[in-house]
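Hi everyone, thanks for making time for this. I'd like to walk you through one structure today, so let's put it up on the screen.

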Amino acid sequence: MSGNIELLSTTLATAKAEDRAALIAYLPAGFPTVDGGIEAVKAVIAGGADIVEIGLPHSDPVLDGPVIQTADDIALRGGVRIADVLRTVREAYEATGVPILVMTYWNPIDRYGVERFTAELAEAGGAGCILPDLPVQESALWREHAEKHGLATVFVVAPSSQDARLATITAAGSGFVYAASLMGVTGTRASVGAQAQELVGRTRATTDLPVCVGLGVSNAEQAAEVAGFADGVIVGSAFVKAMLDAPDEAAGLDAVRSLAGELAQGVRKR
């Protein structure tokens with residue numbers, strides 16, 4: 001079975017045709033439980049998310065701030081495995097038809113086996129992977145298998161990336177480019193800032209791929225600001241925090257559904 005890179009591309013193109021940015025939600029697998037995590041993904045999609053990233057929990061994340069680290073710790077203590085991540089992708093995709101990606105550090109895939117992981121992610125209906133710590137120059141094996149299985153390879157660019165480096169990264173990627181709006185780890189911010197807009201402009205000069213911005217967006221106003229210059233708005237910590245702050249799982253699902261609805265309105269007010 002081939003993965004859903006085409007569905008991802010079509011979804012981003014549809015949002016562009018509607019003169020808006022796509023809303024991309026991030027949630028870690030296994031949080032608060034595997035079943036609860038699957039329901040959370042369905043809830044953000046019901047609220048208005050166009051695309052979802054499923055985080056593969058990691059014990060030593062380099063990009064994730066304290067909110068997502070807390071959720072990862074809960075998932076890992078609950079015994080989450082790669083099989084649970086793939087099950088989350090499968091059940092969320094089958095229930096909604098929305099493109100689902102996995103966001104993961106490289107080490108778990110390397111240990112699991114690149115061929116095995118790409119084949120199983122495609123079979124589960126996945127659209128691709130975001131790989132924040134895989135250097136482009138070391139990505140040939142991954143890209144070969146991802147392309148064979150119809151999966152996007154999404155690389156992360158940062159404000160510190162020089163123009164020549166941006167061109168190298170975007171030439172190797174597919175699906176979209178993940179532009180980190182600022183230096184540092186994930187988390188909500190009071191302001192997303194002009195740095196992100198400049199990065200999007202420099203990235204677009206190197207590629208025709210959509211450029212989606214993450215790190216810091218937590219409300220409709222910020223979503224609208226980023227939607228004014230980006231093809232997609234990525235929100236993670238705000239969804240995770242809504243789940244963490246809820247008194248119980250049902251309230252958490254209501255909270256993330258409601259937040260997705262507000263953000264979905266925001267990306268339409270660009």
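Let me start at a helix contact: V67, I68, T70, A71 and I74 in α3 touch S237, V240, K241 and L244 in α11. Sorted by type, the residues of this contact are six nonpolar, two polar and one charged. Please keep in mind that we are looking at a predicted model.

How do these two helices sit against each other? Helix α3 covers residues 66–77 and helix α11 covers residues 237–245, and their axes come within 9 Å and cross at roughly 55 degrees. An angle of that kind falls outside the parallel, perpendicular and antiparallel ranges, and α3 and α11 are therefore oblique to each other. As for handedness, the α3 and α11 crossing is left-handed.

Now stay with α11 and look at another of its neighbours, α12. The axes of α11 and α12 come within 8 Å, with a crossing angle of roughly 150 degrees. The cut-off for roughly antiparallel is over 145 degrees, so α11 and α12 are described as roughly antiparallel to each other. The crossing of α11 and α12 is right-handed. On the α11 side, the contact is made by A238, F239, A242 and M243, and on the α12 side by G252, L253, A255, V256, L259, A260 and L263. What kinds of residues are these? The α11 and α12 contact has 10 nonpolar residues, one polar and no charged.

Helix α12, residues 249–267, also meets α10, residues 220–227; their axes come within 7 Å and cross at roughly 35 degrees. This crossing of α10 and α12 is right-handed. Here A220, A223, A224 and A227 from α10 meet E262, L263, G266 and V267 from α12. By type, the residues of the α10 and α12 contact are six nonpolar, one polar and one charged. If you were listening for repeats, L263 is on the α12 side here, and L263 was also in the contact with α11.

Let's move to the sheet. In what order do its strands run? It is an open sheet of nine strands, ordered β5-β4-β3-β2-β1-β9-β8-β7-β6, and the pairing is parallel. At the edges are β5 (152–154) and β6 (156–157), each with a single partner strand, so one side of each has no neighbour in the sheet. As a reminder for the bench, strands of a sheet pair through backbone hydrogen bonds, either parallel or antiparallel.

For one pair in detail, take β3 at residues 100–103 and β4 at residues 128–130, which pair in the parallel sense over three bridges. Within that pair, M103 has I130 of β4 as its bridge partner.

Two backbone details are worth pointing out around β1. In the loop between α1 (5–17) and β1 you will find D19. D19 is not a glycine, yet its phi is positive, about 60 degrees. On the other side, P32 sits in the loop between β1 (22–28) and α2 (34–47). The peptide bond leading from F31 into P32 is cis, with omega near 0 degrees.

Finally, let's zoom out. The protein chain has 12 helices and nine strands in total. Its radius of gyration is 17 Å, close to the 18 Å that the globule rule gives for 270 residues, so the chain is as compact as a globular protein of that length. Along the principal axes, the C-alpha atoms of the chain fill a box of roughly 45 × 40 × 35 Å.

Thanks for listening!

Terms used:
Residues are numbered from 1 along each chain as its sequence is written. This is a predicted model: local features need pLDDT of at least 70, side-chain atom pairs count only at pLDDT 80 or more; totals for chains, interfaces and linings use all residues. Side-chain values use heavy atoms; hydrogens and water are left out. Two strands pair if DSSP finds at least two bridges between them. Helices (H or I, at least four residues) and strands (E, at least two) are DSSP runs, numbered from the N terminus. Axes are lines fitted to C-alpha atoms, for helices over the stretch in contact, and angles run from 0 to 180 degrees between N-to-C directions. A crossing is left-handed if the near helix is turned anticlockwise from the far one by less than a right angle, and right-handed if clockwise. Contact means heavy atoms within 4.5 Å. Ala, Val, Leu, Ile, Met, Phe, Trp, Tyr, Cys and Pro count as nonpolar, Asp, Glu, Lys and Arg as charged, and the others, Gly among them, as polar. Angles under 35 degrees count as roughly parallel, over 145 as roughly antiparallel, 65 to 115 as roughly perpendicular and the rest as oblique. The radius of gyration is taken over C-alpha atoms; the globule rule is 2.2 Å times the number of residues to the power 0.38.
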